[in-house]
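Subject: Structure handover

Hello,

Here is the structure for you to work with. Please open it first, then read the notes below.

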Amino acid sequence: MEFVRFGNTGMTVSKLCLGCMTYGKPTDRWPWALDEETSRPFFRKALDLGINFFDTADIYANGASEEVTGRALRDFTNRDEIVLATKVFNPMGPGPNDKGLSRKHIMSAIDASLKRLGTDYVDLYQIHRWDDNTPIEETMEALHDIVKAGKARYIGASSMAAWQFAKAQYTADLHGWTRFVSMQPQYNLVYREEEREMLPFCEDQKIAVIPWSPLARGLLTGKRTKERNETKRAETDAFGKSLYTDADFAIADRVTQLAEARGIPASQVALAWMLQKPVITAPIIGASKPGHLEDAVNALSVKLSDDEVKQLEELYRPRAVAGI
């Protein structure tokens, strides 16, 4: 495993982060999620491979992901040896204050997440999306207070416009509050709109970048075609269907072709492309089948030539912003 400094902080993370949305229990929204017994070996394997960075969210499996993640990590490792991240924003109940980034919800959500995770603190507490209904001053002060209370070591953000992220950082600086140290955007070979503003901003400001969906919901693994969706998730993931189109399969086919020429899995090619970007800190990978984690770790040793990178990138065309 390779390790890297987390943006402009002193914290060090593995160059791959295990995303834990897959783990918890099947629900109507996540029928493809794995139950706890099936999930636990993935945590042990990740730790054995040197992964020390784990990302979840309160909304995943309606809180079950945090519970399963917390129990597995308590059983398999020392808390201080790992970097644990979770998120806040999405609805966690039917009430009008059970969602968003108000002070009321954030303060309740962090305590609920810590209880489910079975820990006194998270290393990274992230806002899952931007909240148009709450002044950014209220959100940033609440997050600052959580850090000062010792419930989170750092704060991060995910999937928003670059101007919104810059506004949040400016607000923190203006008041002497805690700044965001990371951005979790959607970024992969078929969705590269973040290259316009967000990634250059993060590089300039030394913000850690931890992309979600680096394999485009499995589209870049070579397992899916226009005619065939191999996974239950691909068949039932309504959000995923909103992110990608049939036109993206041309890029996915190019990944597969290059992988076949190399004699390696397509997923390794797609991850290697991302890992070679200097601005990227640690892609958030998913693992639901044996071999997924090994393939991801093996991608760390795959080096693409300039010509191969050109082949992978040349088919991309600008597209509408998605996932925000």
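Which residue takes a positive phi just after helix 5? Glycine 176 does, at about 75°. Please keep in mind that this is a predicted model.

Helix 5

Helix 5 covers residues 162-175, which is 14 residues. From its first C-alpha to its last, the helix reaches 20 Å. That is close to the 20 Å expected at 1.5 Å a residue. Its buried residues are Ala162, Gln164, Phe165, Ala168, Gln169, Thr171 and Ala172. An α-helix has 3.6 residues a turn, so residues three or four places apart point the same way. Keep that in mind when you view the list. The buried residues of helix 5 pack against two helices and two strands: helix 4 (136-148), helix 6 (198-205), strand 9 (152-158) and strand 10 (180-184).

Salt bridges

How many salt bridges does a search of the whole structure find? The count is 17. Three pairs and one network follow.

Start with arginine 71 and glutamate 36. Their closest N and O atoms are 2.8 Å apart. Arginine 71 sits in helix 2 (residues 64-76) and glutamate 36 in helix 1 (residues 36-48), so this salt bridge ties together parts 35 residues apart in sequence. Both ends are partly exposed: arginine 71 has a relative accessible area of 32%, and glutamate 36 has 24% relative accessibility.

Next, aspartate 123 and arginine 79 form a salt bridge, with the closest N and O atoms 3.0 Å apart. Aspartate 123 belongs to strand 8 (residues 122-127), while arginine 79 is in the loop between helix 2 and strand 7 (83-88), so the pair ties together parts that are 44 residues apart in sequence. Are these two residues buried or exposed? Both aspartate 123 and arginine 79 are buried.

The third pair is arginine 262 with glutamate 308, and here the closest N and O atoms are 2.9 Å apart. Arginine 262 lies in helix 9 (residues 249-262) and glutamate 308 in helix 12 (residues 306-313), so parts 46 residues apart in sequence are tied together. The two ends fall into separate classes. Arginine 262 is partly exposed, at 33% relative accessibility. Glutamate 308 is buried, at 14%.

Last, the network. Which residues does it link? Salt bridges connect Arg192, Glu195, Lys277 and Glu313.

Best wishes

Technical notes. Residues numbered from 1 in each chain as written. Predicted model: local features only at pLDDT ≥ 70, side-chain atom pairs only at ≥ 80, totals over all residues. Heavy atoms only, no water. Salt bridge = Lys/Arg side-chain N within 4 Å of Asp/Glu carboxyl O. Helix = DSSP H or I, 4+ residues; strand = E, 2+ residues; numbered from the N terminus. Buried < 20%, exposed > 50% of the residue type's maximum accessible area, 1.4 Å probe, protein only. Expected span 1.5 Å × (residues − 1). Contact = heavy atoms within 4.5 Å.
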